[in-house]
Amino acid sequence: MRRISTLFILLTTLAVTGLAACDDGETPSTAPADTSDGTENCQTYVQGISAATPEGTYTVAISEATPAPPDKGLNTLMLTVTDAGGNPVDGGITLVVEPWMPAHGHGSTNVTATARGSNGEWDAPDVNLIMPGAWEFRMLITEDADTATEHKAVFTFCAEG
Ligand SMILES: [Cu+2]
């Protein structure tokens with residue numbers, strides 16, 4: 001019983017902390033109920049924020065986001081991909097952005113990014129966050145030479161709606 005109570009308090013604390021982290025000045029209590037799940041993982045968006053795939057094979061940075069921070073509706077991202085040595089990756093891979101809402105177990109539409117051809121820059125337009133709440137931005141990289149292996153880097157942002 002004591003163990004259950006402790007777990008409950010811990011989870012409650014995490015939820016409150018998550019909401020506070022997503023607060024952009026608006027009153028959290030006015031947020032719809034469906035934004036209260038999964039928000040504990042939300043990151044604060046800053047230009048250039050980056051995430052690495054396991055083993056650091058690739059690092060994906062969000063060099064530009066429109067709107068910034070990402071929000072409900074259509075989001076356009078300019079991504080920068082580098083390899084383990086920090087070198088820009090301009091080809092030889094397929095980069096797909098999968099929006100995913102872990103609290104509800106659904107996505108929206110995957111977006112295949114287009115390489116600009118220099119500086120490791122890739123465009124991912126129209127990443128559609130169809131509802132407010134916590135969204136994972138899953139960066140799925142497969143190499144042309146090994147399409148069976150998926151390298152995944154993940155950001156999580158709260159869409160305020
Ligand atoms: Cu949802």
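In what sense do E7 and E8 pair, and over how many bridges? In this predicted model, the two strands pair in the antiparallel sense, with 2 bridges between them. Asp 123 in E8 sits opposite Thr 114. The connection is a hairpin with 5 residues between E7 and E8, and Gly 117 in that turn has a positive phi of about 100°.

Zooming out, E7 belongs to an open sheet of 5 strands, laid out in the order E1-E2-E3-E8-E7 with antiparallel pairing. The edges are taken by strand E1 (50-52) and strand E7 (114-115), each of which pairs on one side only. As for what holds such an arrangement together, strands of a sheet pair through backbone hydrogen bonds, either parallel or antiparallel.

Moving in from the E1 edge, 3 bridges link E1 to E2, and the two run antiparallel. Here Ala 52 stands opposite Thr 59 in E2. Next along, strand E2 (residues 58-66) and strand E3 (residues 73-83) run antiparallel and are joined by 8 bridges. One pairing to look at is Thr 66, whose bridge partner in E3 is Thr 76. A hairpin takes the chain from E2 to E3 through 6 residues.

On to the next pair: E3 and strand E8 (residues 121-129) also run antiparallel, with 7 bridges joining them. Leu 79 has Trp 122 as its bridge partner in E8, while Leu 77 stands opposite Ala 124 in E8. When checking these positions in the viewer, it helps to recall that in a regular strand the side chains alternate between the two faces of the sheet.

How values were computed:
Residues are numbered from 1 along each chain as its sequence is written. This is a predicted model: local features need pLDDT of at least 70, side-chain atom pairs count only at pLDDT 80 or more; totals for chains, interfaces and linings use all residues. Two strands pair if DSSP finds at least two bridges between them. Helices (H or I, at least four residues) and strands (E, at least two) are DSSP runs, numbered from the N terminus.
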